[in-house]
Amino acid sequence: MSSHTYTSLLYLASGVLLLSAVGIVWGRPLRVAVRLLAAQGAALAAIPVLGGAYRHDWYLLGVGLAVCVLRAAVLPGLLARLVPPPVGLTDPREQTGAGERHETGPLLGTSASLMVTAGAVVLAYAVGQPLVALDPSPSTRAAPVALAVVLMGVLLLVTRRRAVSQIVAFLTLDNGIAAVAFLLTSGVPLVVELGASLDLLLFVLVTQVLTARMRVKFGGTDLGELQELHE
Amino acid sequence: MLSVSGVAGMVTQVVGVAAGAPLLVGWMRQVRARLEGRAGPGPAQPWRDLRKQLHKQNITPDGTTVVFAAAPVVLAGTSLVIAAIVPGVTTGSPLDRVGDLFAVVGVLLLGTVALALAGLDTGTAFGGMGASRVVTIAALVEPTILVAGVALSVPAHSSNLGRIVATTAADPGLVASPAAALAFAALAVVVVAETGRLPVDNPATHLELTMVHEAMILEYTGPRLALIEWAAAMRLTVLLTLLVNLFVPWGVAGAGAGPAGLLVGLGAVAFKVAALGTALAAAEVFLAKLRLFRVPELLAGSFLLGLLAATTSYFLTGPAG
Amino acid sequence: MSTAACFAGVLGGVSLSGAAAVAAVPTRVSAAASGLATAAVGVTGLVGGALAVAGDLRPAWVGWLVPLSGASFAADATSGLFLLVIGAVSVVAGLYTVGYAAHGHLGRAPLAVLPVFAGAMLVVPLAAAVTTLLLFWEIMALTSLLLVLAEWRREQVRAAALSYAAMTQLGFVAILLGLVVFAAAAPGHAETFPALRDAAVHLGPGPRAAVFLLTLAGFGSKAGLVPLHVWLPKAHPEAPGPVSALMSAAMVNLGIYGIVRVDFVLLGPGPRWWGLVLLAVGALTAVYSVLQAAVATDLKRLLAYSTSENMGLICVALGTAAVLAAAGRPAVAAVATTAALVHLVGHAAFKTLGFLAAGGVAAVTGQRDLDALGGLARPMPVTTVAFGIAALGAAGLPLGCGFVGEWLLVQALTHAVAAGGTLLALVVPLAVGVVALTTGLGVAAMVKAFGVGFLARPRSEGAQRAGEVPATMIAAMALGAISCGVLAVAPAVLVPVLSRVLPELPTGTAHGPGPALGTLVRLPGVGGSVSPALLAVAVGAGVLLALAAARWGSRRRPAARTAALWTCGGGGLTSRMEYTATSFADPLRRVFDAVLRPDVEHVVIAYAQSPYLLEKVSYRSWVHDTVEVVLYRPVLRAVAAAARGARRAHTGSIHAYLAYGAAGLLVALVVVL
């Protein structure tokens, strides 16, 4: 692989990373958000895979493939089970309310979140410049993009109400962090990466159980309703 | 600057758009009909409709002014101008230097304004409603177009469309750049909004209260309606051409191409536009119209994508000269 | 070769003798006298502008005019450009006044003041010393205040004039303070502009920033920059037609002149943040004002907000130029400066025409409310066409005279992205978005003004009774329309002036080539070209082609006829069913609800028998100027409270006042000694 192709593909992967994060902020249907998360995981995995292929680093390639399996397939697959299928495909008696398919009543309207996202991206680019200046290379240049994804994940965590959206937000945040790590260090020790990913897996499984319990108890997963629990 | 090749390319483009636009609309309707399990009237139906309308009587509603009569002509005229400028078959159109991306956007808006004024001119509630909605959408689309335009102009050091397309054709790496991906997503939303397709407007609606484009032209009939339908089809074709050639410029004839080059260009662009039209029609099967007040959300998102395209291109390519 | 002082004297002579003539002649002809005198002042301004651009006006000092310091005058090409613009507007507005005032809309006093106002505006760009500038600035402000008060019997006029008086005096104080700080740094406290220019290098960064901010606030308030714009959309619409045109197309330009003269030429080139401040203020002004224009229902208020919007765009261009000049990109900076100047001229042309047409409508129908207008295209065809041309320009669309300026601005911004610096790369796309949103909303505002105000059917008695305006007003509007048309297709007419002005400005072509404004508008060093003339030809050809296409099948077509409107089968259309300006702007009002914060009163009264049977529904909404509500009302309330406090000290006892005087003297002595 030539250096030019490597750079182009690397930037394309970071572009997809960013685009999918924007898509998650933009859209309300949870099913779409989960699909975008899968695309994001694939884009994230592409970063070490490309790095491995470019530098003939088999170890990095392996990390990339592991990331790909976990973040593009396993985690979104688990999440998808939490979102009820579209209306019409299920028995009406099993319907748990339309609110479970869409992010309802986020704390910040879509247009406003998009504007805040614009601000966050600009901020990420601005604060990322010193990082790039440390070691200007194609991969560090893309680090501010990953930083922007981190900020967008935080924004999502702060503003979303549904439990599934919260998991999506958390995974976006983690994808961003992992991307920053891959881009800046060009290679995270396998143990660290696998540890983080297993934590995630555990987190998703626990929340999956929790969500199911919440739905049984409250009939919905609006986290705003949890406020009452502390009393 | 007048080269034979350029003039021939421009004429090919204008004729191709004028003749092909109704076919594209017919094709898209046909694709949609098939996907929805209907037989469909075939791609030539819009042409048959146009012929029928053109043989009808010209009716001027009471109380309307010259604006009502002039608007269809202005709309069709501006669409033809854009068809001549936009690099569809060739990048060497002699009008390329006369109007750049921003001028094309302005000319497009000129047509929109003419039709909106005609809607208001009838004095009917639906005319005003359509005009108000169309102008609102046009106003909110504007930032996305210009910001995405800036993102595209920066690598080419020029906002002239021929130059941008030629630059992309010469450096395929630009196509795969994140800036291009983001700008493409932004401009795709723009094209959908500007041409009144789903989810912004429903071209096949029969309910006046939800109409945007159709509400403005409710009072039109006969040859003037034909002109508007033809112009709307041309706008769709031209915008799809622009979208597809800005990001997938292969096959476009260069500035000095011969007849063979122009033919290849024509074939390539016809194929690409038909493919994009098919994709758009197929996507529309799965989409419902957005409420008017959800449209700003869509446009805000596209603006964000355009903005990201403009800034990302700068940060990833580094401070280029 | 004559001196600038001579020329200023001629201007003063013409203005004052015009005023005297108006006062002397019988009432019957006073309107004609005033109009012709104003036009004569304008012609003098045009001559002077031409001389100044050619470099034929020598600087001069007149000792006796102002006590202590004397008055000093000079004219360079920059002054010349502003003289030409203001002179041209004065000629057109003067001619218009002849017919407008004959209707009896203007008393003798405003008619006498009108030529003096035009004269004062024309002397301001000639001033070459702080005192002279301030003197004529104040004469301009006072005469315009008198003109705003022409219809003082109406309550709104008095309120607008009060707001104008307060803002213009505060602006004056800001300019005064700024220039005093500036002059204090000059050797021997010299106050002529050449001395100030030399002193600028000795000014420390702190005072320099203070001078910049104070003069920006002062001149910016005259140009209607947010948040100091609140007087503009009140005062400009309340003034009589020709005065609105003079204020909105000529006087606001002097605010820009002040910024260019003091902050760019004398004080500058400044650090980068100056440019960013200008850019931010301009962007805020442009978007906020155009949003207000898009939801305004008063025709003249809409135009006034549009003035503010265009001044904002000019400010964005100047800010971009300053930032680029500071970043070491003189060629692109020159493009931005050219954009500012071209847009300034274009704005003057279309805004004059717009206000003249709107003034005619207001005079004939007695209405300015778009919700009560409509259907004017038949009774007032010339006025309608004139307003259409103005609206096309104001919308910034191709074939309109605002297009080239906005195009140059977008080009300058495009090429500023790559000009270097993280900040620019982040700020510039946002600025492009702002300019684009401004254009889009401007189109919405102008479609509303033209479509609702002039097309469709009359919505009130006044609009029904409308008739065309007299011939002199038509002649004036024709002059305006011709200038709009020429500027729209042939910006090359500006080349002789701009080629002299640009080298004088630090952000102009002093350090590099400028854009070529020929048939093909081209930019130096960067790609990108447009040709307004050829584009107009192409659109014309396209329209002809479309007409020819529509002929297909016309031989077998039955004869054309007129028929009743279909209205979806409704029939019996009345003007109550029409879309109004309020309903037209409703989607935008909702989208920008958070910024506009409209007051809505929605009352539904149901019959007692059932909540579903409605007896009456009423809906009213008002859009206030949010800046005024948020920023000014608390300040005014605080001032009023302070005044109430101060009133306690006013006992009415003469001894108490003497004691205050003595205490003041003591304090002064202690401080000084």
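**Chat about a predicted complex**

Modeller: Chain A has a mean pLDDT (the predictor's confidence in each residue, from 0 to 100) of 77, and 78% of its residues reach 70 or more. Over residues 95–99 of chain A the pLDDT is below 50, although this stretch has seven contacts in the model beyond near neighbours in sequence, two residues being in contact if their C-beta atoms, placed from the backbone, lie within 7 Å. Where pLDDT is low, the predicted coordinates should not be read in detail. This is a predicted model, in which local features need pLDDT of at least 70 and side-chain atom pairs count only at pLDDT 80 or more, while totals for chains, interfaces and linings use all residues. Residues are numbered from 1 along each chain as its sequence is written, and chains are lettered from A and ligands numbered from 1 in the order in which they are written.

Colleague: How many helices and strands does chain A have?

Modeller: Chain A has eight helices and zero strands, where helices (H or I, at least four residues) and strands (E, at least two) are DSSP runs numbered from the N terminus.

Colleague: And which helices of chain A touch chain B?

Modeller: In that interface, 24 residues of chain A are in contact with 20 residues of chain B. On the chain A side, α1 (3–26), α4 (110–134) and α6 (143–159) each supply at least two residues, and the largest share, 11 residues, comes from α1(A).

Colleague: Switching to chain C, how many of its residues touch chain B?

Modeller: That contact takes 74 residues from chain C and 80 residues from chain B. The largest share of the chain C side, 16 residues, comes from α16(C).

Colleague: Where do strands of B and C pair?

Modeller: Strand β1 (residues 59–61) of chain B pairs with β8(C) in the parallel sense over three bridges, and pairing here requires that DSSP finds at least two bridges between the strands. The bridge partner of Thr60(B) in β8(C) is Thr562(C).

Colleague: Why call chain C as compact as a globular protein of its length?

Modeller: The radius of gyration of chain C, taken over C-alpha atoms, is 26 Å, close to the 26 Å that the globule rule (2.2 Å times the number of residues to the power 0.38) gives for 673 residues, so chain C is as compact as a globular protein of that length. Of those 673 residues, 59% count as buried, meaning that 20 or more other C-beta atoms, placed from the backbone, lie within 10 Å of the residue's own.

Key. Buried ≥ 20, exposed ≤ 12 C-beta atoms within 10 Å, placed from the backbone.
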